[in-house]
Amino acid sequence: MMQPRDRSPSENLFWPTVIATGMHILIFGMLFVSFASTPELPPARPVVQATLYQLRSESQATTQTNQKIAGEAQKTAAQQFEIEQMEQRKREQERQAAAARAAEQKKAEAARQAEAARAAEAQKQQEVAKAREAQKVKEQEAAAAKAQSEAKAAEQKRQAEIAKKQATEEEAKRKAAEAEAARKKAAEEAAKKQAAEEAAKKRAAEEAAKKKAAEEAARKKAAEDEARKKAAAEAARKAQEDKKAQALAELLADDVQRQQAMADTHGNNVAGNLDDLIINLVSQQWRRPPSARNGMSVEVAIQMLPDGTITNASVTRSSGDAPFDASAVAAVRNVGRIPEMQQLDRATFDRSYRQRRIIFKPEDLGL
């Protein structure tokens, strides 16, 4: 069995030295953390770095030296800690002084602003007083102006009433004068109208007398023309009959010639009847224009086919009145076809009716 050996003095001081050194390191670390978390202080810097050397010396001098070094290190750390605390207190005092100065400045600024506000309020009160005074003066001036305006308006109203009264009187006089003038004018116009009516009646009577005289003259002239026409027609008929009788007498010697003469006589009789038929048919289709008058005459050329169909009608000699000429042509065309033309032999039709000229007169048409 091994016996425990006796410890030397160096070994007895080793652990106390280690513990003291560790505590110093721990304190310095806590100070460093505290300084780092404080915004006013710079980060703490370790000013003492302790290095522990394990001295395994068995001499008393070495142990004393180590104790001395540890004491110096502890003293140095305490002094450094005191210095740091003093600097921290100094910075805190400076911060408080700066805060006090800022508070004083703020208080002075507040006092200055309050003084400025009081001055502004006093200025505002003065301005309000001036405005009230100006408003009062303005109201007084307005009242005076209103009174003056009312007086002026009253005077204008009185003058307007006087002018209105005068205008009413003048208007009444003017209306009376206009009524009198209108009455005189109406009387004059009535007299003029009566005179005009009498003159118109007189002119109408004169025109009626003239018209009646003209109609009587026209009727007399038409009767005379009709008598002359009948006489001429009778003379022509008699001359024609005499001529036919003479021709027939001359042709009695020859039977063929006699028969031909008889045929001609029959054809002429038929032709005369056809002319009357044409005039009768045209008169039925004719529409008298307003301009048609007795004494007018128009010559119309009629073109027909052997079956009596009218193919064309045209004016060969005008009456001088275009509406009357057009009405005669239209009446002929409206007839359309005359079946009685088939009674004629072809030679007589070609000679007398293929192109036939007929003279139309209002009196011939029974007008």
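## A bridge in the sheet

E299 has R317 in β2 as its bridge partner. Strands here are DSSP runs of E with at least two residues, helices are runs of H or I with at least four residues, and both are numbered from the N terminus. The model is predicted: local features require pLDDT of at least 70 and side-chain atom pairs count only at pLDDT 80 or more, whereas totals for chains, interfaces and linings use all residues. Residues are numbered from 1 along each chain as its sequence is written, and side-chain values use heavy atoms, with hydrogens and water left out.

## Overall composition

The chain contains 5 helices and 3 strands, which follow the pattern α-α-α-β-β-α-α-β along the sequence. Of its 367 residues, 16% count as buried; buried means under 20% relative accessible area, exposed means over 50%, and partly exposed lies in between, with a 1.4 Å probe and protein chains only.

The chain exposes about 27,700 Å², of which carbon and sulfur atoms supply 55%; these areas come from the Shrake-Rupley method with a 1.4 Å probe, and for residues only the protein chains shown count as cover. Among contacts between residues at least 6 apart in sequence, 70% join residues at least 24 apart. A contact means heavy atoms within 4.5 Å.

## Sheet architecture

The strands form an open sheet of 3 members in the order β2-β1-β3, with antiparallel pairing. Two strands pair if DSSP finds at least two bridges between them. β2 (310-317) and β3 (355-360) stand at the edges with a single partner strand each, so one side of each has no neighbour in the sheet. On average, neighbouring strands are turned by 25° against each other, direction ignored; axes are lines fitted to C-alpha atoms, for helices over the stretch in contact, and angles run from 0 to 180 degrees between N-to-C directions.

Strand β1 (residues 298-304) pairs with β2 in the antiparallel sense over 6 bridges, and 6 bridges also join β1 to β3, again antiparallel. Individual positions show β1 facing both partners: A301 stands opposite S314 in β2 and opposite R357 in β3. Likewise, I302 has A313 as its bridge partner in β2 and R356 as its bridge partner in β3. The hairpin of β1 and β2 has 5 residues between the strands, and in this hairpin G308 takes a positive phi near 95°.

## Burial of the strands

In β1, 6 of the 7 residues are buried, so this strand is largely enclosed by the rest of the structure. Along β3 the side chains alternate: R356, I358 and F360 point to one face and are buried, while Q355, R357 and I359 point to the other and are not.

R356 also takes part in a cation-ring arrangement, in that its charged end sits over the ring of Y353, 4.4 Å from the ring centre. The criterion requires NZ of Lys or CZ of Arg within 6 Å of the ring centre and within 35 degrees of the ring normal.

## Helix α4 against the sheet

Helix α4 (residues 322-335) lies across β1, β2 and β3 and runs at about 160° to β2. D325 belongs to helix α4 and is buried, with a relative accessible area of 7%. Leaving aside residues up to four places away in sequence, D325 touches V298, V315, S318, S319 and G320. The C-alpha atoms of D325 and V298 are 6.3 Å apart in space, although these residues are 27 apart in sequence.

The structure holds 1 aromatic pair. The rings of W286 and F324 have their centres 5.9 Å apart and their planes at 85°, so the pair is edge-to-face. Rings of Phe, Tyr and Trp (its six-membered ring) pair if their centres lie within 6.5 Å; planes under 30 degrees apart count as stacked, over 60 as edge-to-face and the rest as tilted. W286 lies in the loop between α3 (255-285) and β1, and F324 in helix α4, so the pair ties together parts 38 residues apart in sequence. Both W286 and F324 are buried.

## The loop after α4

Q343 is located in the loop between α4 and α5 (346-352). Q343 is exposed, with a relative accessible area of 58%. Q343 and P306 are 37 residues apart in sequence, and their C-alpha atoms are 9.6 Å apart in space.
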